[in-house]
Amino acid sequence: MEARTSRDSESGEKPDSVSSLKKNKKGIEIEGYPVEGLSIGGQETCVIFPTLKIAFDIGRCPQRAISQDFLFISHGHMDHIGGLPMYVATRGLFSMKPPTIFVPVAIKEDVQRLFEVHRAMDQSELKHNLIGLNVGEEFRLRKDLTVRAFRTYHGIPSQGYIIYSVRQKLKQEYIGLAGNEIKNLKLSGVEITYTVTSPEVAFTGDTMSDFIVDSDNIDVLRARILVMESTFVDNSMTVENARDYGHTHLSEIINYADRKFKELYLRCLHHWQVEFLHLQKVSDELGDDVNYSMNLVFEVLHI
Ligand SMILES: [Zn+2]
Ligand SMILES: [Zn+2]
């Protein structure tokens, strides 16, 4: 069973939709991470984790995205990638360090060409680091953060991203030793720690629900926060309609919820607003037969 948020354990309260999802002026806080962004079906998607300096998809390049150092593009549809040159150009304008941009390998050359065209037109440098990641490939972002691309299902080349925290922990046999003993061991070259990685944030971009049952995507469902699309949320579109467009219907997620998710925060598109749907397990123990209650927590995110 995953650890509760520090806030929950400190207060000793049972986590509920309110305790683990806090509202602030610019957006919401989930599992200790502020989340900002916007998502308007077919027009613009950009979801930002400002404390990680990360943006997932760039939409039309909302102002808040510009200060994020890492950008992860899920696929080449205009509502997800349209603002890319503007993002790079604006960071250059403000003398910010060149951003690192991750794209599916399948579109990397096209993205390079896109920047060549803009450079030819405005004779600027448009400095950035462009990295093509294949599904399953990892990249170290910082000492304490890595990213891995995972498979999504959307009709054109697409992928999601999992952000992992990386921590060094003291090996069991050295726990309880005095500080100077540990220091001496370390100085003598003994490997006293081991590495723990845990999936923190996963972002799908547009996808059919098939990614949920993809056995390679276990960590996506284990992540503390999963941001996924559910473009269709009511009966005006059937599951089949949603699949025809390469998207997910909310009813599919609910059907999977009893077996797959512990706690889940979803990005839903509905009525031109970003909304987060919070599915939370009722029982304290994580088992195969858990029941889920569905607490709908809709928070509109404004940039
Ligand atoms: Zn889209
Ligand atoms: Zn799309």
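**Exercise 1.** Work out which atoms coordinate the zinc ion (ligand 2) in this predicted model, and classify the site.

*Solution.*
- Start with the donors: His-75 (NE2), His-77 (ND1), His-154 (NE2) and Asp-206 (OD) sit at 2.2 to 2.3 Å from the zinc ion (ligand 2).
- Next, place them along the chain, where the spacing reads H-x1-H-x76-H-x51-D.
- Now check the geometry: the angles among the 4 donor atoms run from 92 to 164°. Four donors count as tetrahedral if all angles lie between 85 and 135 degrees. The site ends up as irregular.

**Exercise 2.** Find what ties the zinc ion (ligand 2) to the zinc ion (ligand 1), and where His-154 and Asp-206 lie.

*Solution.*
- The two zinc ions are 3.5 Å apart, and Asp-206 coordinates both.
- His-154 belongs to the loop between strand 10 (145–151) and strand 11 (159–170), while Asp-206 is in the loop between strand 12 (193–203) and helix 6 (218–222). That puts the pair 52 residues apart, linking distant parts of the chain.
- As for exposure, both His-154 and Asp-206 are buried.

**Exercise 3.** Describe the surroundings of strand 3 (residues 33–40).

*Solution.*
- Burial: 8 of the 8 residues in strand 3 are buried. Tyr-33, Val-35, Gly-37 and Ser-39 point one way, with Pro-34, Glu-36, Leu-38 and Ile-40 pointing the other.
- One partner: strand 2 (residues 28–30) pairs antiparallel with strand 3 over 3 bridges, and Ile-30 has Tyr-33 as its bridge partner. Their hairpin has 2 residues between the strands, and Glu-31 in the turn has a positive phi of about 50°.
- Another partner: strand 4 (residues 44–49) runs antiparallel to strand 3, joined by 5 bridges, with Glu-36 opposite Ile-48. Here 3 residues separate the strands, and Gly-42 in the turn shows a positive phi of about 80°.

Note on methods:
Residues are numbered from 1 along each chain as its sequence is written. Chains are lettered from A and ligands numbered from 1 in the order in which they are written. This is a predicted model: local features need pLDDT of at least 70, side-chain atom pairs count only at pLDDT 80 or more; totals for chains, interfaces and linings use all residues. Side-chain values use heavy atoms; hydrogens and water are left out. Donors are N, O and S atoms within 2.8 Å of the metal (3.2 Å for Na, K and Ca); water is not among the atoms, so sites may look incomplete. Four donors count as tetrahedral if all angles lie between 85 and 135 degrees; four count as square planar and six as octahedral if opposite donors are over 155 degrees apart and all others between 65 and 115; anything else is irregular. Helices (H or I, at least four residues) and strands (E, at least two) are DSSP runs, numbered from the N terminus. Buried means under 20% relative accessible area, exposed over 50%, partly exposed in between (1.4 Å probe, protein chains only). Two strands pair if DSSP finds at least two bridges between them.
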